[in-house]
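Q: I'd like a close look at just one part of this molecule, at the bench-notebook level of detail. Please pick a part and take me through it from one end to the other.

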Amino acid sequence: MALTKIDDRGLKTPIDLLDNEKIRLGTGNDLELYHNGTDTHLDNDTGELALRSDRIRLRGKTGNETLAFFEEDAACELYYDNVKRFETHSEGTYHYGHSTFIIGDEGESAQLFLHADDGDDNADKWKLVASAGGPFYLQNYTSGSWESNLIAYGNGAVELYHNNSKKLETTSSGTTTT
């Protein structure tokens, strides 16, 4: 029998459901809430699931640790072990901690792109590349393709470029200038 009405007195006792028994909402049962004995599920089959509040805090199971915090017209924060590690702000993002890792897939390079001024001009585009083969690159896109400004090799040479042409290189015996 479907519950069709809760009067102004509300419910006098909790609603207890066994594992895998669902609370379903919507004409087509589009939203379901249930516990399967291990995990709790909130399933939304159609459209957007909207949590509406001016502030939302996601906490760990004891309620003592913040996992994420979101505030309307303000910061979005992500935490690791109750310590803020990432935050958005009006100027961009903050990354907290002594290290930030950008890791390429196996056999692939790791790249960090930096675009100034909305990246709307080629000269605004720069990237740092740790290549899978070992060298590290500082490159720009001024002439419409990626050109190296600096290439550094682990335990080896450092090369400086002007207009994609090598001009200075360190060697085991000193430097070479072109």
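A: Happy to! One term first: two strands pair if DSSP finds at least two bridges between them. Please also keep in mind that this is a predicted model.

With that in hand, let's start with strand S14 (residues 165–171), which is joined to S15 by four bridges in the antiparallel sense. Four bridges satisfy the requirement of at least two, so S14 and S15 count as a pair. One place to find this pairing on your screen is Thr170, whose bridge partner in S15 is Thr175.

Now widen the view. S14 and S15 belong to an open sheet of seven strands, ordered S9-S10-S11-S12-S13-S14-S15, with antiparallel pairing. Its edges are strand S9 (110–115) and strand S15 (174–177), each of which pairs on one side only. From one strand to the next, the twist averages 15°.

Further along the sheet you reach S12 and strand S13 (residues 158–162), antiparallel and joined by three bridges. Leu150 is a handy landmark here, as it stands opposite Leu160 in S13. The two strands make a hairpin with five residues between them, and in its turn Asn155 has a positive phi of about 55°.

On to the next hairpin. Strand S11 (residues 136–140) and strand S12 (residues 147–152) are also antiparallel, with five bridges joining them. Phe136 faces Ala152 of S12 across this pairing. Six residues lie between S11 and S12, and the turn includes Gly144, with a positive phi of about 90°.

That leaves a curious residue in strand S10 (residues 125–130), namely Lys125. What makes Lys125 worth a pause is that it is buried yet has no salt bridge. The nearest side chain of opposite charge belongs to Asp124, 7.8 Å away. A salt bridge would need a side-chain nitrogen of Lys or Arg within 4 Å of a carboxyl oxygen of Asp or Glu, so at 7.8 Å Asp124 does not supply one.

What surrounds Lys125, then, apart from neighbours within four places in sequence? Its contacts are Leu114, His115, Gly119, Gln139, Asn140, Tyr141 and Trp146. Several of these names tie back to the strands we have just visited: Leu114 and His115 are in the range of edge strand S9 (110–115), while Gln139 and Asn140 fall within S11 (residues 136–140).

Conventions: Residues are numbered from 1 along each chain as its sequence is written. This is a predicted model: local features need pLDDT of at least 70, side-chain atom pairs count only at pLDDT 80 or more; totals for chains, interfaces and linings use all residues. Side-chain values use heavy atoms; hydrogens and water are left out. Buried means under 20% relative accessible area, exposed over 50%, partly exposed in between (1.4 Å probe, protein chains only). Lys and Arg count as positive and Asp and Glu as negative; His and the chain ends are not counted. Contact means heavy atoms within 4.5 Å. Axes are lines fitted to C-alpha atoms, for helices over the stretch in contact, and angles run from 0 to 180 degrees between N-to-C directions.
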